[in-house]
Amino acid sequence: MTTAQFKVDDNVAGFQGDLLVFCVNQAETKEKIVCHHLVENQVRAAFDLGDFSGKEGQTLVLYPFSGTGLTDVRAARILVLGLGDPSDQTEPGGVRDLFRRAGGTIARQCEALKVATLMVALPETSFLDPGQTAECLVEGICLGDYRFVKYKQAQSKEREYSGLQQVCLARVNTDPAVETGMGLGRRAALAACEARNMANEPANAWTASAFAAFAQALAKTHSLGCRILEKSDMERLGMGGILAVNQGSGEPPKLVVLEYLPEQRSETLLLVGKGVTFDSGGISLKPAPGMEKMKYDMCGGAAVLCAMQAVAEERPDVGVVAIVPATDNLAGGLAVKPGDVIRHFNGKTAEIVNTDAEGRMILADALAWGIDAYHPCCVVDIATLTGAVVMGLGHHYSGLMANNETLARCLEQAGERAGEPLWRLPLGKAYAKQIESKVADIRNIGGKSAGAITAAAYLENFVGDTPWAHMDIAGTAWDFTEKSYVAKEGPSGIGVRTLVALIRTWPKGAMAQPL
Ligand code: BES
Ligand code: MN
Ligand code: ZN
């Protein structure tokens, strides 16, 4: 995770660091190239040779020693980066994601060139205001500067480069929105990188207790409220879902709660994240190939706790509470068995037909208890819930299901803003019918078809009339669409920036109004 300092410094020629970056839009002809006068001749020469046209991701590294015509530059190197065509952004995320990707490409070049001190001349564009341009660039740089090397030996090649130390943005005119934007980008990205760190930890290190310890530490740093419900509390409260999932494990479960409840708040949002620290499937055991990936089954929980980090730093005037039901799903001698019947916090009983459908079981208790305890204006849950959503949407969109149009739209917009697109799937009686049980109120699987929706239909039983949205991130929490700022493999940190965007743009009072 980047430890870099970020600041504004408008003196491009005076910068004496490792790398100075200029961005260039794609141009059809040499004459149409618009770029900083310091590199204009070089860029045009490269265009003539067919080496550079400003296509997205194209790079040109220049060395300004005497005789190159770049003698006004004191940086060790110059990077010219192609931005592509900002007027032609049809993909989700639009022009904001273009600048985020530019930031990611810059971070990758910094790694290749072992750059510690970086300056980027903030590109001017008519498609985005300078504040948002700075926000997205910095977000992309921070996300792209992420690496997880903690378990590599100190002398290993992975540890040779320790990332960016200083990042300066140089503006054309002294717009104060740039500094604000940098802060927004940095806080959102660092929160997402924290979520990647949690996910990268192996399941023998990242246990339910680790979730609890993280929350307690965050609460202490930022004076948030923190409650940890222990197994005995769950027993007293009748949280039969999380207790059942934990039955086959030697590791105690935790229900982790972080509260940001400012006194002047008008309403409170509730976030609930699935925190299964390892999903073996339980008695309905998963196949061995790829099972190691199931350490990532806590990415929803990571997303809500890490979003709280940004919330704590930004202190909005709405309340936000995050809850993570945390446990692993193992197959010890006391494990829950197919056919067992359990009772959830709200009294509903469920027939457990498949112990691998455990996410909905722990979320059910957390949703019902959270709504009961905090009376939120709405609740959003996020979970690596079903393989079915991966079949339907692949690795490029997360699934979105909701009982409220306004909330669904707010989330779609937040996801678009964050470059983490969501696609809505329906809910309804016909799907609820698929999870009817002969012996209990409901059963925990709904047959072969519409698996992502029947999982949501299970959750719907635990939210009552509260506006609720469910994000299924099983396809996007890792192996997310490859981008310069998202590694091809490993956790993406998905959801953190969407939730942060949702809270930043929250339309107060909207949930109370009919659409
Ligand atoms: N954690 C898994 C879902 C998952 C699968 C996430 C693949 C990422 C990749 C979840 O707990 C699960 O096992 N779901 C089952 C439900 C089924 C038994 C109804 C699934 O999707 O196969
Ligand atoms: Mn499972
Ligand atoms: Zn799972």
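Two strands pair if DSSP finds at least two bridges between them, and strands (E, at least two residues) and helices (H or I, at least four) are DSSP runs, numbered from the N terminus. The close-ups below come from a predicted model, in which local features need pLDDT of at least 70, side-chain atom pairs count only at pLDDT 80 or more, and totals for chains, interfaces and linings use all residues. Residues are numbered from 1 along each chain as its sequence is written, chains are lettered from A and ligands numbered from 1 in the order in which they are written, and side-chain values use heavy atoms, with hydrogens and water left out.

**View 1. Six strands make an open sheet.**
Follow the strands across the sheet and you meet them in the order β1-β6-β5-β2-β4-β3, with mixed pairing. At the edges are β1 (5-8) and β3 (59-62), each of which pairs on one side only. On average, neighbouring strands are turned by 20° against each other, direction ignored; here axes are lines fitted to C-alpha atoms, for helices over the stretch in contact, and angles run from 0 to 180 degrees between N-to-C directions. Strands of a sheet pair through backbone hydrogen bonds, either parallel or antiparallel. Look at β2 (residues 19-25) and β4 (residues 78-84): they run parallel and are joined by 6 bridges. In this pairing, V24 stands opposite G82 of β4.

**View 2. Helix α8 is mostly covered.**
This helix spans residues 299-314, 16 residues in total. From its first C-alpha to its last it reaches 23 Å, close to the expected 22 Å (1.5 Å times one less than its number of residues). Of its 16 residues, 14 are buried (buried means under 20% relative accessible area, exposed over 50%, partly exposed in between, with a 1.4 Å probe and protein chains only). After α8 comes R315, with a positive phi near 45°.

**View 3. A zinc ion sits in an octahedral site.**
Around the zinc ion (ligand 3) you can find K274 (NZ), D279 (OD), D297 (OD) and E358 (OE), coordinating at 2.0 to 2.4 Å. Donors are N, O and S atoms within 2.8 Å of the metal (3.2 Å for Na, K and Ca); water is not among the atoms, so sites may look incomplete. The angles among the 6 donor atoms of this site run from 78 to 174°. Six donors count as octahedral if opposite donors are over 155 degrees apart and all others between 65 and 115; four count as square planar by the same limits, or as tetrahedral if all angles lie between 85 and 135 degrees, and anything else is irregular.

**View 4. A manganese ion shares D279 with the zinc ion.**
The manganese ion (ligand 2) is coordinated by D279 (OD), D356 (O), D356 (OD) and E358 (OE), at 2.0 to 2.2 Å. Its site has 6 donor atoms with angles of 70 to 167°, and is irregular. The two metals lie 3.2 Å apart, bridged by D279. Because D279 lies in strand β10 and D356 in the loop between β13 and α9, the pair ties together parts that are 77 residues apart in sequence. D279 counts as buried, at 3% relative accessibility, and E358 is buried as well.

**View 5. Two of the 6 aromatic pairs show how rings can meet.**Rings of Phe, Tyr and Trp (its six-membered ring) pair if their centres lie within 6.5 Å; planes under 30 degrees apart count as stacked, over 60 as edge-to-face and the rest as tilted. F148 and Y151 form a tilted pair, 6.0 Å centre to centre with 55° between the planes. The pair of W206 and F211 is edge-to-face, with ring centres 5.5 Å apart and planes at 80°. F148 is partly exposed at 24% relative accessibility, whereas W206 and F211 are both buried.
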